[in-house]
Amino acid sequence: MWTDQLPKTTSLAEVNEILVTCRLCPRLVAWREEVAHTKRRAYRDWTYWGRPIPGFGDPNARVLVVGLAPAAHGGNRTGRVFTGDASGDFLFAALYRAGFANQPTSVMRGDGLELKNMYMAAACRCAPPDNKPTPQEIITCRPYLIKEMSLLKNLRGVVALGKIGFDTILAVYRSLGINAGRPAFGHNQFYSLGEGLPWLLASYHPSQQNTQTGRLTPAMFDAVWQRAVSLLNEDV
Ligand code: SF4
């Protein structure tokens, strides 16, 4: 179903090998490396990752989670998606409650975290200034996501965290010639995009801007993951 845009890769591990060497977006390459060099005072003893963030999780996953982009001192520091920042704390606590993660925290690579039945990726794989990738940077990065989706053979659904992740998934479908329409983004909204295609579930992004203001509460977030579990159970 999915167009093969990284033709020589046959596994998620191979995609990640190529991805972490990517330098296609000059603005993002410069930023991720500058942040990795200057660091934040609290992390001055860290060797920052400073590269694109690979996908993470269960290669047999039935659910794909798509976020926005790594945080400058989170994923760009630790080398793992949603790891080492407040968004990740909020996210993995919820995934643990829902049974998708084996522990409620995500601190660093090698901390024992495992995802069950879930793979995690992002619309843009390099930390952007002000957490804002440009539309062109998202387009440039999209082939990695398409390839990951093609390699997740058991994929049943996608949970998009935030409007940009949501729009990116719709754009992936459109780029493959699938008429995804122009559905409106809404928290905990379910979208069926066609017979036999992975469903789409939207959530507010677990950014501090949302979680500290109460726009996204733990209960609201739990409802999304419970819905994902229900959808998977319907589909056994
Ligand atoms: Fe490469 Fe994506 Fe990073 Fe751009 S954002 S440099 S396409 S990994």
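In this predicted model, the ligand is surrounded by Leu 19, Cys 22, Leu 24, Cys 25, Leu 28, Pro 52, Cys 124, Arg 125, Cys 126, Thr 140 and Cys 141. Sorted by class, this shell comprises nine nonpolar residues, one polar residue and one charged residue, and the space that the ligand takes up is the largest cavity.

A second site of interest is centred on His 187, which is placed in the loop between α6 (163-175) and β5 (189-191). His 187 counts as buried because its relative accessibility is 15%, which falls under the 20% limit for that class. Its side chain reaches two backbone atoms, namely the nitrogen of Tyr 204 at 2.9 Å and the oxygen of Met 220 at 3.1 Å. When residues up to four places away in sequence are left out, His 187 touches Ala 202, Ser 203, Tyr 204, Leu 216, Met 220, Phe 221 and Val 224, so that Tyr 204 and Met 220 appear both among these contacts and as the partners of its side chain.

Backbone geometry adds a further point, since Asp 130 has a positive phi without being a glycine, and Asn 188 likewise has a positive phi without being a glycine.

| Residue | Phi | Loop | Relative accessible area |
|---|---|---|---|
| Asp 130 | about 60° | between β3 (118-122) and α5 (135-151) | 68%, exposed |
| Asn 188 | about 60° | between α6 and β5 | 17%, buried |

Asp 130 is classed as exposed because its relative accessible area is 68%, whereas Asn 188 is classed as buried because its value is 17%.

Conventions. Residues are numbered from 1 along each chain as its sequence is written. This is a predicted model: local features need pLDDT of at least 70, side-chain atom pairs count only at pLDDT 80 or more; totals for chains, interfaces and linings use all residues. Side-chain values use heavy atoms; hydrogens and water are left out. Helices (H or I, at least four residues) and strands (E, at least two) are DSSP runs, numbered from the N terminus. Buried means under 20% relative accessible area, exposed over 50%, partly exposed in between (1.4 Å probe, protein chains only). A polar contact is a pair of N or O atoms within 3.5 Å; within protein, one must be able to donate a hydrogen and the other to accept it, and residues adjacent in sequence count only if both atoms are side-chain atoms. Contact means heavy atoms within 4.5 Å. A residue is near a molecule or strand if one of its heavy atoms lies within 4 Å of it. On a 1 Å grid over the protein atoms alone, a cavity is a set of points where a 1.4 Å probe fits but cannot get out, and a pocket is an open set with protein on both sides within 12 Å along at least five of seven lines; lining residues have an atom within 4 Å of a point. A molecule sits in a cavity or pocket if more than half of its atoms lie within 2 Å of its grid points. Ala, Val, Leu, Ile, Met, Phe, Trp, Tyr, Cys and Pro count as nonpolar, Asp, Glu, Lys and Arg as charged, and the others, Gly among them, as polar.
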